[in-house]
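Subject: Structure handover

Hello,

Here is the structure I promised to pass on. Please open it alongside this message; my notes follow below.

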Amino acid sequence: MQYLGRARKNTTTADNTGTQDTVKKEEGSVVPLIAGLCALLLLIGSVTLAITGAHVQTQRLTDFADAQASAVARRLQQEQRMVGVGNGVSGARGYEYAAEYLAASGASREFESLRIDSVEVADGDTVRVRLSGRIHPPLVSIVVPDGIEVNAYSSARLNTLQPAS
């Protein structure tokens with residue numbers, strides 16, 4: 001009498017259904033699948049890291065443009081109060097103040113080729129600043145060594161009304 005619970009060895013010949021041959025052919029097919037999935041996960045992680053890094057650096061440039069527009073608006077407001085409310089402020093003065101703020105802030109250490117594209121003083125009470133610079137997101141610098149050109153735009157309003165005393 002034969003014991004039925006005994007496992008077959010891989011060296012035995014196949015039964016009538018051919019299952020032994022099929023099992024041998026499919027052996028090892030999980031390793032390439034796992035390697036492929038790992039590579040795909042690394043690629044997805046790298047792309048996510050690069051996009052997040054680019055977004056964060058662009059947001060920092062936008063925050064700097066906000067601070068610069070606000071600082072220029074404050075300086076123009078002070079100038080306007082000293083000269084008089086009737087006199088309009090010029091875009092040339094706004095550009096001067098923006099350049100001073102850019103030099104004093106040290107933001108050019110953080111962004112390569114940081115420059116002021118334009119400073120506008122519209123209607124005498126709105127300051128618009130446009131900056132551009134190059135960012136170097138993580139892992140993208142390998143593919144794009146010169147970096148990515150980004151622009152930031154911000155505006156601030158002057159408070160030209162004198163507070164009630």
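The chain holds four helices and three strands. Their order along the sequence is α-α-α-β-β-α-β. Please keep in mind that this is a predicted model.

Some overall values. The chain has 165 residues, and 27% of them are buried. About 11,300 Å² is exposed, with 57% of that area coming from carbon and sulfur atoms. Take the contacts between residues at least 6 apart in sequence: 56% of them link residues at least 24 apart.

The sheet. Its three strands run in the order β1-β2-β3, the sheet is open, and the pairing is antiparallel. The edges are β1 (112–122) and β3 (148–157). Each has a single partner strand, so one side of each lacks a neighbour in the sheet. From one strand to the next, the twist averages 15 degrees. Eight bridges join β1 to β2 (residues 126–135), in the antiparallel sense. Ala122 sits opposite Thr126 of β2.

The core. In general, nonpolar side chains of soluble globular proteins tend to be buried together. Here the largest nonpolar core counts 25 residues. Which of them touch the most other members? They are Leu61, Leu76, Leu114, Val127 and Leu131. At least two core residues come from each of α2 (30–83), α3 (91–105), β1, β2 and β3. The top contributor is α2, with eight residues.

Leu131 deserves a look on screen. Setting aside neighbours within four places in sequence, Leu131 is in contact with Leu61, Phe64, Ala65 and Gln68. The same list for Leu131 also has Arg115, Ile116 and Asp117, then Val150, Asn151 and Ala152.

Then there is Ser154, which lies in strand β3. Is Ser154 buried or exposed? Its relative accessible area is 5%, and buried means under 20%, so Ser154 counts as buried. What does the side chain of Ser154 make a polar contact with? The partner is the side chain of Asp66, at 2.4 Å. Beyond neighbours within four places in sequence, Ser154 is in contact with Ala65, Asp66 and Ala69, as well as Val127, Arg128 and Val129. Ala65 is also in contact with Leu131.

Over to you.

Best wishes

Conventions
Residues are numbered from 1 along each chain as its sequence is written. This is a predicted model: local features need pLDDT of at least 70, side-chain atom pairs count only at pLDDT 80 or more; totals for chains, interfaces and linings use all residues. Side-chain values use heavy atoms; hydrogens and water are left out. Buried means under 20% relative accessible area, exposed over 50%, partly exposed in between (1.4 Å probe, protein chains only). Contact means heavy atoms within 4.5 Å. Accessible areas come from the Shrake-Rupley method with a 1.4 Å probe; for residues, only the protein chains shown count as cover. Two strands pair if DSSP finds at least two bridges between them. Axes are lines fitted to C-alpha atoms, for helices over the stretch in contact, and angles run from 0 to 180 degrees between N-to-C directions. A nonpolar core is a set of buried Ala, Val, Leu, Ile, Met, Phe, Trp, Tyr and Cys residues joined through side-chain atoms within 4.5 Å. A polar contact is a pair of N or O atoms within 3.5 Å; within protein, one must be able to donate a hydrogen and the other to accept it, and residues adjacent in sequence count only if both atoms are side-chain atoms.
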